[in-house]
Amino acid sequence: QMQLVESGGGLVQPGGSLRLSCAASVNNLYRYSVGWFRQAPGKEREGVSCITSTGYSPTYKDSVKGRFTISRDNAKNMVYLQMDSLKPEDTAVYYCAADPFSPLICGLDPSGSYEYWGQGTQVTVSS
């Protein structure tokens, strides 16, 4: 059973940066596509970015394109989300999730085939 642990959240001013990390408890994360999702208070969970097992052609939500960068280090079983030019509307709990069923494609639908989820890390963008 895979466990995912997010870290790197915190309080940052608008325009600032944070780097989120997602650590997997297994040594075969290379077999999974991985997504980052977020949920703001009173809102539904939404997909932010995802990356396939090979790391090619990452996908981004339109509102974060050009500001967020997803990457992975399969040797370390880690996935990262670099978030730059943060805005107050980016405030949310951020979750990573792993999909074992479609390693070569990924999507931003949280109700898709993401089987494993982390507990989340809070990101607050405020002055």
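With 127 residues, the chain would be expected to show a radius of gyration near 14 Å if it were a compact globule, and its 13 Å agrees with that. Keep in mind that this is a predicted model. Along the principal axes, the C-alpha trace spans about 40 × 25 × 25 Å.

The fold is built from strands: there are eleven of them and zero helices. Reading along the sequence gives the pattern β-β-β-β-β-β-β-β-β-β-β. Contacts often reach far along the chain, too: of those between residues at least 6 apart in sequence, 61% join residues at least 24 apart.

Here are some whole-chain values side by side.

| Property of the chain | Value |
|---|---|
| Buried share of the 127 residues | 44% |
| Accessible surface | about 6400 Å² |
| Part of that surface belonging to carbon and sulfur atoms | 47% |
| Distance between the mean positions of the positive and negative charges | 4 Å |

The charges behind the last row number 11 positive and 11 negative.

Now for a closer look at one residue, Ser102. Where does Ser102 lie? Its place is the loop that runs between strand S9 (92-99) and strand S10 (116-117). Is Ser102 buried or exposed? Ser102 counts as buried because its relative accessibility is 16%, and the cut-off for buried is under 20%. Leaving aside residues up to four places away in sequence, Ser102 touches Ser33 and Ser113.

Note on methods. Residues are numbered from 1 along each chain as its sequence is written. This is a predicted model: local features need pLDDT of at least 70, side-chain atom pairs count only at pLDDT 80 or more; totals for chains, interfaces and linings use all residues. Side-chain values use heavy atoms; hydrogens and water are left out. Helices (H or I, at least four residues) and strands (E, at least two) are DSSP runs, numbered from the N terminus. The radius of gyration is taken over C-alpha atoms; the globule rule is 2.2 Å times the number of residues to the power 0.38. Buried means under 20% relative accessible area, exposed over 50%, partly exposed in between (1.4 Å probe, protein chains only). Contact means heavy atoms within 4.5 Å. Accessible areas come from the Shrake-Rupley method with a 1.4 Å probe; for residues, only the protein chains shown count as cover. Lys and Arg count as positive and Asp and Glu as negative; His and the chain ends are not counted. The place of a charge is taken as NZ of Lys, CZ of Arg, CG of Asp or CD of Glu.
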